[in-house]
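Q: I should like a close look at a single residue in the protein shown below. Please then set out its surroundings in a connected account.

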Amino acid sequence: MRRSITLGLAAATAVAALGLPALATAANAAPASASSASAPHHDDWDYDGWWGTYWSSNHLAKAKGYVDVNYDDEESNRVHITGKLYDNDNRTYNHGGKCAYIKFRVSSWDDDEDDWSSSYKSYKYCGAGGYKPINFWRYDVAQVQAKVCQIGLYSNQPVKCGYWRDIYNAYDEDFGYDA
């Protein structure tokens with residue numbers, strides 16, 4: 001706080017003593033710094049933000065959360081996905097009630113865009129009105145997507161799935177990665 005006040009007073013004093021035109025001339029004559037012309041630093045690619053709310057096709061399951069992507073190098077990162085999976089199906093299992101289900105898929109830097117890994121991370125929650133926390137890490141990831149569905153209490157087959165939705169996609173300029 002003290003430093004910013006001191007710098008602010010010094011700048012105000014310089015403007016008053018030299019006049020505004022002199023300050024503008026000095027600024028125009030200053031050489032461009034070497035760092036402004038350099039390539040983006042890996043910290044520039046870091047990303048964090050909210051994802052969701054994503055729904056099953058019948059709106060009886062939903063998920064939302066947060067993604068945090070930290071780059072170590074151009075194609076080396078840590079992706080942390082957190083969130084909540086909600087079961088909104090109040091029907092009993094005898095009356096067709098189902099559990100909430102979400103699955104995540106990833107594409108690594110070694111693969112082409114939209115070339116998804118064969119392994120999925122998934123969560124299942126049975127308990128209308130509540131939620132299950134989502135929390136996992138993946139490394140060296142270019143893309144992450146999620147799909148929310150419903151699934152039977154003892155089933156392995158999801159039903160009533162929504163669409164695959166982007167959580168993070170380094171190939172999309174909206175997420176700030178620019179190699």
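Leaving aside its neighbours within four places in sequence, with which residues is His-80 in contact?

A: The model is a predicted one. In it, apart from neighbours within four places in sequence, His-80 is in contact with Tyr-66, Val-67, Asp-68, Asn-135, Phe-136 and Trp-137. His-80 itself belongs to strand 3, which covers residues 76-87. One of these contacts can be described further: the side chains of His-80 and Asn-135 form a polar contact at 2.6 Å. The relative accessible area of His-80 is 19%, and the cut-off for a buried residue is under 20%, so His-80 counts as buried.

Following the chain onward from strand 6 (131-139), one comes to the loop that leads to strand 7, and Asp-140 lies in this loop. The backbone of Asp-140 has a positive phi of about 55 degrees, although the residue is not a glycine. Most residues other than glycine have a negative phi. Asp-140 is partly exposed, its relative accessible area being 34%.

Strand 7 itself spans residues 141-151, and eleven of its eleven residues are buried, so the strand is largely enclosed by the rest of the structure. Its pairings can be taken one partner at a time. With strand 4 (residues 99-108), strand 7 pairs in the antiparallel sense over ten bridges. Within this pairing, Lys-103 is placed opposite Lys-147 of strand 7. Strand 9 (residues 165-169) is also antiparallel to strand 7, and four bridges join the two. Here Gln-145 faces Asp-166 of strand 9 as its opposite residue. Strand 8 (residues 158-159) likewise runs antiparallel to strand 7, with two bridges between them. The residue of strand 8 that serves as bridge partner to Gln-150 is Val-159. The connection from strand 7 to strand 8 is a hairpin through six residues.

The disulfides bring the account back to these strands. A disulfide is a covalent bond between the sulfur atoms of two cysteines. The model holds two disulfides, and with bonded cysteines counted along the chain they follow the pattern 1-2, 3-4.

One of them is formed by Cys-99 and Cys-126, whose sulfur atoms are 1.9 Å apart. This link is right-handed, with 100 degrees about the S-S bond. Because Cys-99 lies in strand 4 and Cys-126 in the loop between strand 5 and strand 6, the pair ties together parts that are 27 residues apart in sequence. The two cysteines can also be described by their accessibility. Cys-99 is buried, with a relative accessible area of 0%, whereas Cys-126 is partly exposed at 28%.

The other disulfide joins Cys-149 to Cys-161, with an S to S distance of 2.1 Å. The torsion about its S-S bond is about 105 degrees, so this disulfide of Cys-149 and Cys-161 is right-handed. It links distant parts of the chain, with Cys-149 in strand 7 and Cys-161 in the loop between strand 8 and strand 9, twelve residues apart. Cys-149 has a relative accessible area of 0% and is therefore buried. For Cys-161 the value is 28%, so that residue is partly exposed.

Two further backbone features deserve mention. Asp-114 is situated in the loop between strand 4 and strand 5 (121-125). Although Asp-114 is not a glycine, it has a positive phi of about 65 degrees. Its relative accessible area is 46%, so Asp-114 is partly exposed. The second feature concerns a peptide bond. Most peptide bonds are trans. The bond that joins Gly-52 and Thr-53, however, is cis, with omega about 10 degrees. Thr-53 forms part of strand 1, which comprises residues 47-55.

To return to the residue of the request, His-80 is a buried residue of strand 3, and its side chain has a polar contact with that of Asn-135.

Technical notes
Residues numbered from 1 in each chain as written. Predicted model: local features only at pLDDT ≥ 70, side-chain atom pairs only at ≥ 80, totals over all residues. Heavy atoms only, no water. Buried < 20%, exposed > 50% of the residue type's maximum accessible area, 1.4 Å probe, protein only. Polar contact = N/O pair within 3.5 Å; in protein donor to acceptor, adjacent residues only side chain to side chain. Contact = heavy atoms within 4.5 Å. Pairing = 2+ DSSP bridges. Disulfide = S-S within 2.5 Å.
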